[in-house]
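Subject: Structure for your files, with notes

Hello,

Please find the structure below, sequence included. My notes on what turned up follow it.

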Amino acid sequence: MGTTWRATQKANRRVELLRRAAELFAQRGFAGVSTGELGDAVGMSGPALYNYFPSKEALLSELLEDASMRLLAGCREIMAMPGTAGETLERLVAFHIDFATSEPDVIRVQDRELAQLPAEANHHVRSLQRQYVQEWDVVLAALRPQMDALERSIRLLATFGLLNSTPHSAAASRERARQLLAEMAEGSLLGHSPGGQTIRSG
């Protein structure tokens with residue numbers, strides 16, 4: 001029982017460290033936060049941080065790898081659901097917006113600090129991100145077979161930039177921002193008819 005309790009406490013402390021690190025890195029940048037400040041944020045000494053992570057870089061790596069893995073896992077769950085390609089795209093957009101609005105600090109850190117990762121972790125995160133984009137690309141190709149791969153790539157990357165702006169744009173009115181971002185994302189990916197309506201298919 002004692003061993004299990006200690007393991008649970010350590011796991012909880014790791015989660016809290018990751019959460020507070022995301023907040024501090026988002027506010028001040030990775031380079032602007034010391035290990036001592038990270039420790040202070042969760043009520044421990046700076047050196048005690050190394051009981052949980054071997055370095056500040058390792059903490060950042062876990063933070064960004066975990067975010068990319070959760071995004072990819074959620075995406076693949078949606079891809080496995082029954083439904084048309086259009087319904088799948090709507091679910092993917094809603095899922096990404098949900099993630100961005102519930103994890104705004106992680107989104108900011110991911111956008112700004114990826115280059116700070118050690119080479120191996122950087123490669124892993126970028127690989128996960130490519131797989132995430134590829135899953136979306138399958139849906140977009142089904143909906144817009146006339147688009148070539150380059151156009152789909154440009155539209156997808158632009159859309160992720162839009163959706164990842166959510167931590168900034170959703171500050172004033174979260175629900176209104178979610179609705180507008182979903183409409184804009186689908187419009188950006190699919191194009192619009194001359195009358196202004198998103199062209200849907202599948």
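Helices α3 and α5 are roughly perpendicular to each other, because their axes cross at roughly 110 degrees and angles of 65 to 115 degrees fall in that class. Please keep in mind that this is a predicted model. The two axes come within 10 Å, and the crossing is left-handed. On the α3 side the contact is made by L60, L63, L64, A67 and S68, and on the α5 side by V106, V109, Q110 and E113. Sorted by class, that contact holds 6 nonpolar, 2 polar and 1 charged residues.

Helix α3 also packs against α4. Their axes come within 10 Å and cross at roughly 155 degrees. Angles over 145 degrees count as roughly antiparallel, so α3 and α4 belong to that class. This crossing is right-handed. From α3, the residues involved are A67, R70, L71, G74, C75, I78 and M79; from α4, they are T88, R91, L92, F95, H96 and F99. The class count here is 8 nonpolar, 3 polar and 2 charged residues. A67 is on the list for the contact with α5 and also on the list for the contact with α4.

For the chain as a whole, the secondary structure is simple to write down: 9 helices and 0 strands. Of its 202 residues, 41% count as buried. Among contacts between residues at least 6 apart in sequence, 68% join residues at least 24 apart.

Next, the nonpolar core. The largest one has 55 residues, and F25 and W136 are those with the most contacts inside it. The elements that give it two or more residues are α1 (2-28), α3 (56-79), α4 (85-102), α5 (104-113), α6 (119-143), α7 (149-163) and α9 (174-190). Helix α3 provides the largest share, 9 residues. As background, nonpolar side chains tend to be buried together in soluble globular proteins.

Which residues does W136 touch, not counting residues up to four places away in sequence? They are C75, L89, L92, V93, H96, L156, F160, L163 and L189.

One of these partners, C75, lies in helix α3. C75 has 0% relative accessibility and therefore counts as buried, the cut-off being under 20%. Leaving aside neighbours within four places in sequence, C75 is in contact with L92, F95, Y132, E135 and W136. C75 and W136 are 61 residues apart in sequence, while their C-alpha atoms are 8.2 Å apart in space. L92 appears among the contacts of C75 and among those of W136.

On the other contact of α3, V109 is worth a look. V109 sits in helix α5 and, at 0% relative accessibility, counts as buried. Not counting residues up to four places away in sequence, V109 touches A22, F25, A26, L60, L63, L64 and L114. F25 in that list is one of the two residues with the most contacts inside the core, and L60, L63 and L64 belong to the α3 side of the contact with α5. V109 and L60 are 49 residues apart in sequence and 8.9 Å apart in space, C-alpha to C-alpha.

If you want a place to start viewing, I suggest C75 with W136, which touch each other, and then V109 with L60, which also touch.

Regards

How values were computed: Residues numbered from 1 in each chain as written. Predicted model: local features only at pLDDT ≥ 70, side-chain atom pairs only at ≥ 80, totals over all residues. Heavy atoms only, no water. Core = buried A, V, L, I, M, F, W, Y, C linked by side-chain atoms within 4.5 Å. Buried < 20%, exposed > 50% of the residue type's maximum accessible area, 1.4 Å probe, protein only. Helix = DSSP H or I, 4+ residues; strand = E, 2+ residues; numbered from the N terminus. Contact = heavy atoms within 4.5 Å. Axes fitted to C-alpha atoms, helices over the stretch in contact; angles between N-to-C directions. Parallel < 35°, antiparallel > 145°, perpendicular 65-115°, else oblique. Left-handed = near helix turned anticlockwise from the far one by under 90°. Nonpolar A, V, L, I, M, F, W, Y, C, P; charged D, E, K, R; others polar.
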